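Trainee: Got a minute to go through this one with me? I'd like to start with the backbone.

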Amino acid sequence: MPASAAPPDDHPMGSQIRKHEGVHGKPTDVGTMAVVAGIDVSGWQGNVDWNHWWNQGKRFAYVKATEGTGYKNPYFAQQYNGSYNVGMIRGAYHFALPDKSSGATQAGYFASNGGGWSRDGKTLPGVLDIEYNPYGGTCYGKTQAGMAAWIRDFSNTYRSRTGRDVVIYTSTSWWSQCVGTAQAFASTNPLWVARYNTTVGTLPYNWGYWTFWQYSDSPIDQDYFNGAYDRLRALALG
């Protein structure tokens, strides 16, 4: 899709991680793992050919819904409903801007604009995309304790709105810098780790395993779910 498909202030999942951490290869060891292949999309993909990606073996999709409290993906309906209609299990994600408003405010905006959840077996819990600041300092001017509190505020509010714990998408490097060991989220929030390399590598603080792994942005953002298809459906059912 041409870059004009979305405005420049639409930041896709992982865009800032790739900018800061680079791309160093693709997985080489997943043949021995039980995984489900999926993709994630944003306004930059425009109208997606979902039949194509289904035929490529992709069985789940995450669709950008919102960013901060001032952006909604104009292609959300086509992407969210189209992935569902072709047979994929799908969910929505929110690109966080923690210096713009509270975690509770952004969680509410997300839940009200595509980030909801229903127990239909085809809808995954929402994702908090928390990564490098596209507009300034890496950690949005927050201390580690402050960032951890913002994420907890988002997570608690999302749970109160939907009944589900939000999935946290991040990179180990960003998390180490901006959250560190200030709070542990592994007991409540599934982890979606971004790392563009042959292995998933070290995980952020206190997570013992990953639920999703974004491993490539070519020719589209590509992901694995850590488990067989029945476990992916179980996550959707809650």
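Trainee: What phi does Gly114 take, just after α4?
Mentor: Gly114 has a positive phi of about 110 degrees. Keep in mind that this is a predicted model, where local features need pLDDT of at least 70, side-chain atom pairs count only at pLDDT 80 or more, and totals for chains, interfaces and linings use all residues. Residues are numbered from 1 along each chain as its sequence is written, and side-chain values use heavy atoms, with hydrogens and water left out.

Trainee: And α4 itself, which of its residues are buried?
Mentor: Gly103, Gln106, Ala107, Gly108, Tyr109, Phe110 and Ala111. That is seven of the ten residues in the helix, which spans 103-112. Buried means under 20% relative accessible area, exposed over 50%, partly exposed in between, using a 1.4 Å probe and protein chains only. Helices (H or I, at least four residues) and strands (E, at least two) are DSSP runs, numbered from the N terminus.

Trainee: What covers those buried residues of α4?
Mentor: The cover includes strands β2, β3, β4 and β5, plus helix α5.

Trainee: At what angle do α4 and α5 pack?
Mentor: About 35 degrees, with the axes 7 Å apart. Axes are lines fitted to C-alpha atoms, for helices over the stretch in contact, and angles run from 0 to 180 degrees between N-to-C directions.

Trainee: Which residues of α5 make the contact?
Mentor: Trp150, Asp153, Phe154, Thr157, Tyr158 and Arg161. From α4, the contact residues include Gly103, Ala107 and Phe110. Contact means heavy atoms within 4.5 Å. The residues on the two helices divide into seven nonpolar, five polar and two charged. Here Ala, Val, Leu, Ile, Met, Phe, Trp, Tyr, Cys and Pro count as nonpolar, Asp, Glu, Lys and Arg as charged, and the others, Gly among them, as polar.

Trainee: Switching to the core. Which residues touch the most other members of the largest nonpolar core?
Mentor: Ile130, Ile151 and Phe212, in a core of 67 residues. Helix α5 (residues 144-162) gives the largest share, six residues. A nonpolar core is a set of buried Ala, Val, Leu, Ile, Met, Phe, Trp, Tyr and Cys residues joined through side-chain atoms within 4.5 Å.

Trainee: What does Ile130 contact, leaving aside neighbours within four places in sequence?
Mentor: Its contacts include Ala96, Met147, Trp150, Ile151, Ile168 and Trp174.

Trainee: Now the strands. Why is β9 described as largely enclosed?
Mentor: Five of its six residues, in the run 221-226, are buried, so the rest of the structure largely encloses β9. Strand β1 (residues 35-41) pairs with β9 in the antiparallel sense over six bridges. Strands pair if DSSP finds at least two bridges between them. Gly38 has Asp223 as its bridge partner in β9.

Trainee: How many bridges join β8 to β9?
Mentor: Four, and the strands run antiparallel. They form a hairpin with four residues between them. Pro219 lies in that loop, and the peptide bond from Ser218 to Pro219 is cis, with omega near -5 degrees.

Trainee: Back to phi. Which is buried and which is partly exposed, Tyr140 or Asn206?
Mentor: Tyr140 counts as buried at 6% relative accessibility. Asn206 is partly exposed at 43%. Tyr140 has a positive phi of about 60 degrees, and Asn206 has one near 80 degrees. Most residues other than glycine have a negative phi, and most peptide bonds are trans.
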